[in-house]
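Here are a few exercises to work through with the coordinates open. Try each task yourself before you read its solution.

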Amino acid sequence: RPRIDRRPVLKRGLGEKMLKKICVNIEEIIAGIALCIMSVATVFNVFCRLILSKSYPWAEEISYFCFAWLIFVGASAVYKRYQHSSIDILVRVFPEKLKVVVTMFSMIVQIVCIGAAAYLSLVYSVNAWTRKTPIMNIPYTFEALAMTVGFGLMFIHAIFFCINVVRFQDYFHTRPIYQGIFTVETVEDMVLEEREQTEERGEER
């Protein structure tokens, strides 16, 4: 009987899983890289200023750029899990039909506002190409694009939230929006997954 080499299938499966994981957690990756670069540049500049009595302005510019990407892309990562502050105590006591109306109205307002912010930030990024940083002479577009990417990703997330509301009656956005693609690995998601596995084992017994 001929031997079947399963290694390519395994590699393809792992590669596909890794690609999905990267796509779903792209904000965390970008924000994490920006945080690391910003921290290194800031610590380096402080060290040189205190120990060597010499400052490097280019390190400060790098910190500004990374800080912008950390803030706006990080905001999208928080929005993806719907962890921004919100008051839903009144919505929870509403009848089922009214919950649908209120939630959909809220999501439409969010989509319109986030879409407008994404468009305006894109216009601002294009117009910022002619403005250069004083030290490294880099167009401010690369800093302004942080807003466009952040709001653009939030716009996509908002659409997925609407889909969850319509398909799964997820009025309080407790269902991960990319559950059908790859579960977003947060502490809450891991606890929920572990609880579900425990319940399944109990039912099997």
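**Exercise 1.** Find which residues form a nonpolar patch on the surface, and which helix gives the largest share.

*Solution.* Step one is the rule: patch residues have over 30% relative accessible area and no salt bridge, with nonpolar side chains (Val, Leu, Ile, Met, Phe, Trp, Tyr) joined within 5 Å and like charges within 9 Å. Areas come from the Shrake-Rupley method with a 1.4 Å probe, and for residues only the protein chains shown count as cover. This is a predicted model, in which local features need pLDDT of at least 70 and side-chain atom pairs count only at pLDDT 80 or more, while totals for chains, interfaces and linings use all residues. Residues are numbered from 1 along each chain as its sequence is written, and side-chain values use heavy atoms, leaving out hydrogens and water.

Step two gives the members: Met-18, Ile-22, Ile-29, Ile-33 and Ile-37, with about 420 Å² of accessible area together. Helices H1 (7-24) and H2 (26-51) each give two or more residues; helices are DSSP runs (H or I, at least four residues), and strands (E, at least two) are too, numbered from the N terminus. H2 provides the largest share, three residues.

**Exercise 2.** Work out which residues are joined into one network by salt bridges that share partners.

*Solution.* Begin with the criterion: a side-chain nitrogen of Lys or Arg within 4 Å of a carboxyl oxygen of Asp or Glu. The structure holds three such bridges. Glu-27 meets Lys-80 at 3.0 Å, N to O. This pair links helix H2 to helix H3 (residues 57-80), 53 residues apart. Next, Glu-28 pairs with Lys-80, the closest N and O atoms being 3.0 Å apart, and with Arg-81, where they are 2.6 Å apart. Arg-81 lies in the loop between H3 and helix H4 (89-92), so its pair with Glu-28 of H2 ties together parts 53 residues apart in sequence. Through shared partners, Glu-27, Glu-28, Lys-80 and Arg-81 become one network.

**Exercise 3.** Decide whether Glu-27 is buried or exposed, and do likewise for Lys-80.

*Solution.* Apply the cut-offs: buried is under 20% relative accessible area, exposed over 50%, partly exposed in between (1.4 Å probe, protein chains only). Glu-27, at 1%, is therefore buried. Lys-80, at 3%, is buried. Extending the check, Glu-28 is partly exposed at 26%, and Arg-81 is partly exposed at 22%.
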